[in-house]
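Grab a coffee and work through these exercises with the model open beside you. Each one sets a task and then walks through a solution.

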Amino acid sequence: MTLKIKISLLLFLLFTGIVACTKGKKDVSANAMYERSELATLMVDMWDENKKVKEDLVNGLDSVVLSGQHEKMFTAKPTDSSDLTPVFYNLAKGYNTLADSFSNAGSEREIKIKRYNAVIDGCVSCHENFCSGPIPKIKQLYLREKPSSL
Ligand code: HEC
């Protein structure tokens with residue numbers, strides 16, 4: 001392992017430790033046996049998928065679509081069941097709409113990038129209400145590329 005990889009790995013571990021949503025949990029960092037809830041696991045998968053979609057867009061794969069795994073948001077068990085309020089379900093519906101309009105956007109680059117960023121807005125708006133810890137990590141997903149300058 002090169003030093004650079006070691007440092008990146010360390011930063012990654014530090015970062016993921018800090019951003020995990022700790023709402024409703026007691027001292028998660030001290031508990032090595034902490035298991036992610038279904039919803040938290042889904043969220044991690046959604047982050048990974050959107051990261052991959054961003055990379056595809058950067059690489060010019062403009063017809064990329066989302067898998068639809070986010071629909072499990074309606075049934076996945078959260079760490080804290082008191083999160084499952086009407087506001088949560090409305091924001092989840094809002095996210096679904098944004099994800100669909102991204103996937104149905106065809107392959108015109110400018111539209112695709114605009115709708116991709118709107119999907120990330122959908123993540124952030126729910127997190128502003130329910131779990132603000134991961135917001136900086138979610139914001140890394142924005143694609144700030146100016147399509148006209150390509
Ligand atoms: C409808 C609300 C909602 C939407 C939309 C949403 N999230 Fe979440 N997210 C949550 C809640 C609630 C939690 C806490 C889950 C738990 O602890 O069980 C969470 C947790 C997370 C976590 C922390 C997981 C962990 O344990 O480390 C990440 C990262 C995350 N979300 C990323 C995203 C991304 C990326 C998107 C968009 C692609 C997104 N979220 C969309 C509500 C939402």
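pLDDT is the predictor's confidence in each residue, on a scale from 0 to 100. You'll need that for the opening exercise, as this is a predicted model.

**Exercise 1. Work out how far to trust the model, and where to be careful.**

Step 1: start with the average. The protein comes out at a mean pLDDT of 85, and 74% of the residues score at least 70.
Step 2: look for the weak stretches. Residues 9-19 have a pLDDT below 50, and beyond near neighbours in sequence this stretch has five contacts in the model. Residues 23-27 also fall below 50, with five contacts beyond near neighbours in sequence.

**Exercise 2. Describe the overall fold.**

Step 1: list the elements. The protein has five helices and zero strands, so its order from the N terminus reads α-α-α-α-α.
Step 2: check the burial. Of the 150 residues, 19% count as buried.
Step 3: see how far along the chain the contacts reach. Among contacts with a separation of 6 or more, 66% are between residues 24 or more positions apart.

**Exercise 3. Find the two sides of H2.**

Step 1: compare length with expectation. H2 has 21 residues and spans 30 Å from its first C-alpha to its last, close to the 30 Å expected at 1.5 Å a residue.
Step 2: pick out the buried residues, which are Leu-39, Leu-42, Met-43, Met-46, Asn-50, Val-53 and Lys-54. Why do they sit on the same side of H2? Because they cover an arc of only 115 degrees around the axis.
Step 3: turn to the other side of H2, where Asp-48, Lys-51, Glu-55 and Val-58 are exposed.
Step 4: ask what lies over the buried side. The cover for the buried residues of H2 includes H4.
Step 5: follow the chain out. Just after H2, Gly-60 adopts a positive phi of about 85 degrees.

**Exercise 4. Do the same for H3, then place Phe-88.**

Step 1: H3 has 18 residues and reaches 26 Å between its end C-alpha atoms, close to the 26 Å expected at 1.5 Å a residue.
Step 2: its buried residues are Leu-91, Tyr-95, Leu-98, Ala-99 and Phe-102. They cover an arc of only 100 degrees around the axis, which puts them on the same side of H3.
Step 3: that buried set packs against H4. The face of H3 turned away from it carries the exposed residues Pro-86, Tyr-89, Asn-90, Lys-93 and Thr-97.
Step 4: Phe-88 lies in H3 too. Is Phe-88 buried or partly exposed? Phe-88 counts as partly exposed, because it has 18 C-beta neighbours inside 10 Å.
Step 5: leaving out residues up to four places away in sequence, Phe-88 touches Asp-83 and Phe-130.

**Exercise 5. Explain the burial of Cys-131.**

Step 1: locate Cys-131 in the loop between H4 and H5.
Step 2: count its neighbours. Cys-131 has 22 other C-beta atoms within 10 Å, so it is buried; the cut-off is 20 or more.
Step 3: look along the chain. Asp-83 is 48 residues away in sequence, yet the two C-alpha atoms are separated by 9.4 Å.

**Exercise 6. Map the shell around the ligand.**

Step 1: of the 28 residues around the ligand, Ala-40, Met-43, Thr-79, Cys-123 and Cys-126 come nearest.
Step 2: sort the shell by helix. H2, H3, H4 and H5 each supply at least two residues, and H2 gives the most, with seven.
Step 3: sort the shell by chemistry, which yields 20 nonpolar, five polar and three charged residues.

Definitions and conventions: Residues numbered from 1 in each chain as written. Predicted model: local features only at pLDDT ≥ 70, side-chain atom pairs only at ≥ 80, totals over all residues. Near = placed C-beta within 6 Å. Helix = DSSP H or I, 4+ residues; strand = E, 2+ residues; numbered from the N terminus. Nonpolar A, V, L, I, M, F, W, Y, C, P; charged D, E, K, R; others polar. Expected span 1.5 Å × (residues − 1). Buried ≥ 20, exposed ≤ 12 C-beta atoms within 10 Å, placed from the backbone. Arc of directions from axis to C-beta. Contact = placed C-beta atoms within 7 Å.
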